[in-house]
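Student: I have a new structure open and would like to walk through it with you. Could you start me off somewhere and let me ask as we go?

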Amino acid sequence: MTSNARLDHRNPLVFDTHELGRRPGALQRLTRTINAPKDFGIQGVVGVPEGAPVELELRLESVMEGVLVTGTARAQAEGECVRCLEPLEMDLEADFQEMFSYPDADDRGRVKTEPADDAEEDEGRLYLEDGLFDLEPVLRDAVVLALPMQPVCQDDCPGLCSECGARLADDPDHHHDAVDIRWAALQGLAGTMSDGEKDEMSGAEAGVDEKQEK
């Protein structure tokens, strides 16, 4: 069995199931607004800022082996467009469902009389602790899955100019004149020549032309 750290009922993400009871089929609906914890999202990409409001709608259902929690979280996420690097905001809605098992019941809801032989069966399972459960790890996973790995400010964001870094959405006609690389070296050479050298070359070309005429 996975042992949880001692849960604190004052934590806004810790919920009490005592009122629900253990009668299979019993239902309880809860709504709660919490402040987003730290690093709530995809770190360095997009997420809900620490302390921002997160609205929770939960449905708690008592079943044989524990409490089935189904819910939706709504918040506003912030990040940076991966194309143009501008700040962005987006509405987040994350759905989740998780089973929190009774520590004294097996998969069929029967009271355990002996420790389980296979510890792997309990790997990854979440348990109620004195009738309490901590929603934070479930909520974190749901938020990460609901957020885009590559957020954009708009679906057709053209991004930045690869040559100068200008934001193309601000200037749809932005472009750079293409330079033929075969002439670039000659243009650079011409730019470094002095006026005297240009005159000498012009004179030499004129002399060649005169000889050709004769």
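**Threonine 72 and beyond**

Tutor: Threonine 72 counts as buried, because its relative accessibility is 14%. Please keep in mind throughout that this is a predicted model.

Student: Okay, and where is threonine 72 found?

Tutor: Threonine 72 is found in strand β6.

Student: Which side chain does threonine 72 join in a polar contact?

Tutor: The side chain of threonine 72 is joined to that of aspartate 95 by a polar contact of 2.8 Å. Leaving aside neighbours within four places in sequence, threonine 72 is also in contact with several other residues, among them Glu55, Leu56, Glu93 and Phe96.

Student: Leucine 56 then: what is leucine 56 in contact with?

Tutor: With neighbours within four places in sequence again left aside, the contacts of leucine 56 include Leu13, Phe15, Leu30, Ile34, Thr72, Leu135 and Leu139. Leu56 is also listed, together with Val48, Val54 and Leu135, as having the most contacts inside the largest nonpolar core, which has 38 residues.

Student: Which elements supply at least two residues of this core each?

Tutor: Those elements are the strands β3, β4 (46–48), β5 (53–63), β6 and β7, and also α1 (136–146). The largest share comes from β7, which supplies six residues.

Student: New topic, rings. How many aromatic pairs does a search of the whole structure find?

Tutor: The search finds two aromatic pairs. In one of them, phenylalanine 15 and phenylalanine 133 are stacked, with 5.5 Å from centre to centre and 15° between the planes. This pair links distant parts of the chain, since phenylalanine 15 is in strand β1 (residues 14–16) and phenylalanine 133 is in strand β9 (residues 132–134), 118 residues apart.

Student: Are those two buried or exposed?

Tutor: Phenylalanine 15 and phenylalanine 133 are both buried. Ring pairs also bring in Phe100, and the cluster they link consists of Phe15, Phe100 and Phe133.

Student: What lies over the face of tyrosine 102?

Tutor: That is arginine 22, at 3.6 Å from the centre of the tyrosine 102 ring.

Student: Switching again: how many disulfides does the structure hold?

Tutor: The structure holds zero disulfides.

Student: Why is there no bond between cysteine 153 and cysteine 157?

Tutor: The sulfur of cysteine 153 has its closest cysteine sulfur in cysteine 157, but the two are 3.7 Å apart, which is too far for a bond. A disulfide would need the sulfur atoms to be within 2.5 Å.

Student: And cysteine 157, buried or exposed?

Tutor: Cysteine 157 is buried, because its relative accessible area is 5%. Cysteine 153, on the other hand, counts as partly exposed at 30% relative accessibility.

Student: Last thing, the backbone. What is the phi of aspartate 39?

Tutor: Aspartate 39 has a positive phi of about 55°, although it is not a glycine. Its place is in the loop between β2 (27–35) and β3 (40–42), and aspartate 39 counts as partly exposed at 45% relative accessibility.

Student: What about leucine 85, what is its phi?

Tutor: Leucine 85 is not a glycine either, and has a positive phi of about 65°. Leucine 85 is found in the loop between β6 (66–80) and β7 (87–101), where a relative accessible area of 47% makes leucine 85 partly exposed.

Key. Residues numbered from 1 in each chain as written. Predicted model: local features only at pLDDT ≥ 70, side-chain atom pairs only at ≥ 80, totals over all residues. Heavy atoms only, no water. Buried < 20%, exposed > 50% of the residue type's maximum accessible area, 1.4 Å probe, protein only. Phe/Tyr/Trp six-rings, centres within 6.5 Å; stacked < 30°, edge-to-face > 60°. Helix = DSSP H or I, 4+ residues; strand = E, 2+ residues; numbered from the N terminus. Lys NZ or Arg CZ within 6 Å of the ring centre and 35° of its normal. Core = buried A, V, L, I, M, F, W, Y, C linked by side-chain atoms within 4.5 Å. Contact = heavy atoms within 4.5 Å. Polar contact = N/O pair within 3.5 Å; in protein donor to acceptor, adjacent residues only side chain to side chain.
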